[in-house]
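This report describes the empty spaces in one protein model and some of the helices and loops around them. Please look over the sequence and structure first.

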Amino acid sequence: MGPELSIIIPAWNEEAMIGSTLERICTVIGGRHDVELIVSVSGDDRTGEIASGFPVLVCRSPKGRAVQMNAGAAAASGRVLYFLHADTIPPPAFCDEILEAVRNGHPAGCFRMEFDDPDWVMQLYGWFTQFPLAICRGGDQSLFITRELFGEIGGFDGSMAVMEDIEIIGRIERRVPFRILENPVTTSARKYHDNGTIRLQALFGTLHLMYALGFGQEELGKFYRDWIR
């Protein structure tokens, strides 16, 4: 029997994180035959080499998270696709929780999120991810979606370098309700540490506003490159 769930991790120059992420996920998956793990690699560091040391399928892709996730989906054979960032760890029972949600009539959704930083500000940011608002969504919360629905909506928009996660959720919600699962994924706070916890949240809020106002990818990308490390 083929896999029910395909876990797809886009990774661009993630040699510092990919080993520990895959080790933890493989420990959770164990010997399950209904789950496959795919790493969609771009960049010129050792990410692909490190990932090859685990029981995963490594596929090469041009740079761009949307492009890499589409490439991983094309290589996947599972009935349900689960897109996970390289610096994010899902909850222990995530495979069963996703498959149960799909069986219960929820073809797409994400988990709530918490950061690996106990600072109250970071925990507050994570607390807001329980609410069904676009400003509270992001790719760090991961995304599960049935292969059928993913095909119907055309996958990720490969032309987008910024806000591709918000854009696809918008298309999902125009077809089906989007489910937020209660147990949180844990994501790295490294970008907040690099950019400042308040400053980065304000910059992300500005990106959301610019996107809602119809700014194009060139303008969004320039803002991101100029202001976020």
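## Cavity, pockets and their surroundings

Helix H3 (65-75) and helix H7 (164-173) each supply at least two residues of the lining of the largest cavity. H7 gives the largest share of that lining, with four residues. The model is a predicted one. A search of the whole structure finds one cavity of 30 Å³ or more, and the space in the largest cavity comes to about 110 Å³. It is lined by 16 residues, of which Gly-138, Gly-139, Ser-142, Leu-143 and Asp-165 are the closest to its centre. By class, the lining of the largest cavity divides into eight nonpolar, five polar and three charged residues.

The pockets come next. The largest pocket has a volume of about 1600 Å³, and 47 residues line it. Nearest its centre lie Arg-65, His-85, Lys-191, Phe-204 and Tyr-224. Elements that each supply at least two residues of this lining include E1, H3, strand E6 (108-115) and H7. Helix H8 (190-195), helix H9 (197-212) and helix H10 (217-227) also each supply at least two. The largest share, six residues, comes from H9.

The second largest pocket has a volume of about 170 Å³. Among the residues that line the second largest pocket are Glu-97, Glu-100, Ala-101, Asn-104 and His-106. Arg-179, Ile-180, Leu-181, Glu-182 and Asn-183 line this pocket too. H4 and strand E8 (179-187) each supply at least two residues of the lining, and E8 gives the most, with five residues.

The table sets out the classes of lining residues.

| Space | Nonpolar | Polar | Charged |
|---|---|---|---|
| Largest cavity | eight residues | five residues | three residues |
| Largest pocket | 20 residues | 14 residues | 13 residues |
| Second largest pocket | three residues | three residues | four residues |

### Helix H7

H7 takes part in the lining of the largest cavity and in that of the largest pocket. How many of the 10 residues of H7 are buried? Nine of them are, and the helix is mostly covered. The buried residues of H7 are Glu-164, Asp-165, Ile-166, Glu-167, Ile-168, Ile-169, Gly-170, Arg-171 and Ile-172. Asp-165, in this list, is also one of the residues closest to the centre of the largest cavity. What covers the buried residues of H7 includes H3, E6, strand E7 (143-146), helix H6 (147-153) and H9.

### His-85

His-85 is found in the loop between strand E4 (80-83) and E5. This residue is one of those nearest the centre of the largest pocket. With a relative accessibility of 7%, His-85 counts as buried. Leaving aside residues up to four places away in sequence, His-85 touches Ile-9, Arg-65, Gly-139 and Asp-140. Arg-65 is 20 residues from His-85 along the chain, and their C-alpha atoms are separated by 9.4 Å.

### Two residues with positive phi

Most residues other than glycine have a negative phi. Ser-142 is not a glycine, yet its phi is positive, at about 70°. Its place is in the loop between helix H5 (120-127) and E7. Ser-142 is buried, with a relative accessible area of 4%, and it is one of the residues closest to the centre of the largest cavity.

Met-163 is likewise a residue other than glycine with a positive phi, near 70°. Its place is in the loop between H6 and H7. Met-163 is buried, and its relative accessible area is 9%.

### Helix H1

Helix H1 (residues 18-29) has 12 residues. From its first C-alpha to its last, H1 reaches 16 Å, close to the 16 Å expected at 1.5 Å a residue. The buried residues of H1 are Ile-18, Gly-19, Thr-21, Leu-22, Ile-25, Cys-26 and Ile-29. Seen down the axis of H1, these residues fall within an arc of 160°, so they line one face of the helix. An α-helix has 3.6 residues a turn, so residues three or four places apart point the same way.

What do the buried residues of H1 pack against? They pack against strand E1 (5-12), strand E2 (35-42), helix H2 (47-51), strand E5 (88-89) and helix H4 (94-103). Just after H1, Gly-30 takes a positive phi of about 60°.

Note on methods
Residues are numbered from 1 along each chain as its sequence is written. This is a predicted model: local features need pLDDT of at least 70, side-chain atom pairs count only at pLDDT 80 or more; totals for chains, interfaces and linings use all residues. Side-chain values use heavy atoms; hydrogens and water are left out. The expected span of a helix is 1.5 Å times one less than its number of residues. Buried means under 20% relative accessible area, exposed over 50%, partly exposed in between (1.4 Å probe, protein chains only). The arc is that of the directions from the helix axis to the C-beta atoms. Contact means heavy atoms within 4.5 Å. On a 1 Å grid over the protein atoms alone, a cavity is a set of points where a 1.4 Å probe fits but cannot get out, and a pocket is an open set with protein on both sides within 12 Å along at least five of seven lines; lining residues have an atom within 4 Å of a point. Grid points are joined across faces, edges and corners, and a volume is the space filled by probe spheres set on the points. Ala, Val, Leu, Ile, Met, Phe, Trp, Tyr, Cys and Pro count as nonpolar, Asp, Glu, Lys and Arg as charged, and the others, Gly among them, as polar.
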